[in-house]
Amino acid sequence: LFSPLDDIHRLRFAEIEEDEFVLWGLFASHMAANDTPRAAASAALDGLRDFDRWSEAARDAALGYYRAVLTKAAHREARAGAPPPWMLAKNPAFTYKVAALREAFPGARFVHLHRDPLEAIPSRLSLVRAIWRRRIPGFDEMTPAQVETVLRDSERTYRAGLENAAALGPEELVVIDYRALRADPAGEVRRTFDRLGLGRPDARLAARLDTLRPARPSEHHYALEGFGLTREGLAARLGEAAATPPDPGATRPSSR
């Protein structure tokens, strides 16, 4: 079912995937609003895209459910007499949920994997288009309005990453360059443990790290021009977010 998408984004039911799928199942995610071309055009679903527009009760309910899911997983993982395991959540949409996550998970650390948005955004557009092509009979290309909808989500994600880093201290946030992670995945993981004061990876993770090698170039090729966009135009639109990784503790005016 998923293998035709492997060159764009590998997805399997039995492998680690973005934690946003937990909230999607609760219909509390922008992914539900991007599910189909029709959903993407729905004004009624647009509120799902901006976590800051949700009521406090809705935010608490969503993250409370998410916390319960992780707690259940932690109990399954814990061995007799062992402390609860560290839980790692992978989710780009968490960049604009940082304040709420800090309240839901006191003592949490944040790892921001920064990828050049001029590469990441066309990659995401390509993934959404590929999913729609497989799911919707007769669908071929995204309209300019559909491109703009997904682009706004990505723009919000990058801007929130910059803004929320200002509230996190160096002991809470580590920024990793995506290119560095691909070149030396094991080294970057070990350096992240050290930066966050987590000690050394346990034996199981250390064994896994010893098998990692530099990532191979993707065979999937995409271009902004295929979506009616240009690097210059997108860079101008994103401004500071186009090239600036987050800076823990930086003072930055909010654009919200």
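Helices (H or I, at least four residues) and strands (E, at least two) are taken here as DSSP runs and numbered from the N terminus. On that basis the protein chain holds 11 helices and two strands. Read from the N terminus, the order is α-α-α-α-α-β-α-α-β-α-α-α-α. With a radius of gyration of 19 Å, close to the 18 Å that the globule rule gives for 256 residues, the protein chain is as compact as a globular protein of that length. For this figure the radius is taken over C-alpha atoms, and the rule is 2.2 Å times the number of residues to the power 0.38. The C-alpha trace spans about 55 × 45 × 40 Å along its principal axes.

A word on the ground rules: this is a predicted model, in which local features need pLDDT of at least 70 and side-chain atom pairs count only at pLDDT 80 or more, while totals for chains, interfaces and linings use all residues. Residues are numbered from 1 along each chain as its sequence is written, and side-chain values use heavy atoms, with hydrogens and water left out.

Of the 256 residues in the protein chain, 40% are buried (under 20% relative accessible area, against over 50% for exposed and in between for partly exposed; 1.4 Å probe, protein chains only). As for contacts (heavy atoms within 4.5 Å), 68% of those with a separation of 6 or more come from residues 24 or more positions apart. On the outside, the protein chain exposes about 15000 Å², and carbon and sulfur atoms supply 56% of that; the area comes from the Shrake-Rupley method with a 1.4 Å probe.

Now for the rings. Searching the whole structure turns up five aromatic pairs (Phe, Tyr or Trp rings, the six-membered one for Trp, with centres within 6.5 Å; planes under 30 degrees apart are stacked, over 60 edge-to-face, the rest tilted). One of them joins Tyr-66 and Phe-94 edge-to-face, at 5.5 Å centre to centre and 70° between the planes. That pair ties together distant parts of the chain, 28 residues apart: Tyr-66 sits in helix H4 (residues 56–77), and Phe-94 in the loop between H4 and helix H5 (98–104). Tyr-66 also pairs with Phe-105, and because the ring centres are 5.9 Å apart with planes at 75°, this pair is edge-to-face. Here the partners are 39 residues apart, with Phe-105 in the loop between H5 and strand E1 (110–114). Tyr-66 is buried, at a relative accessible area of 1%, and Phe-105 counts as buried at 19%. Phe-94 is buried too. Ring pairs thus link Tyr-66, Phe-94 and Phe-105 into a cluster.
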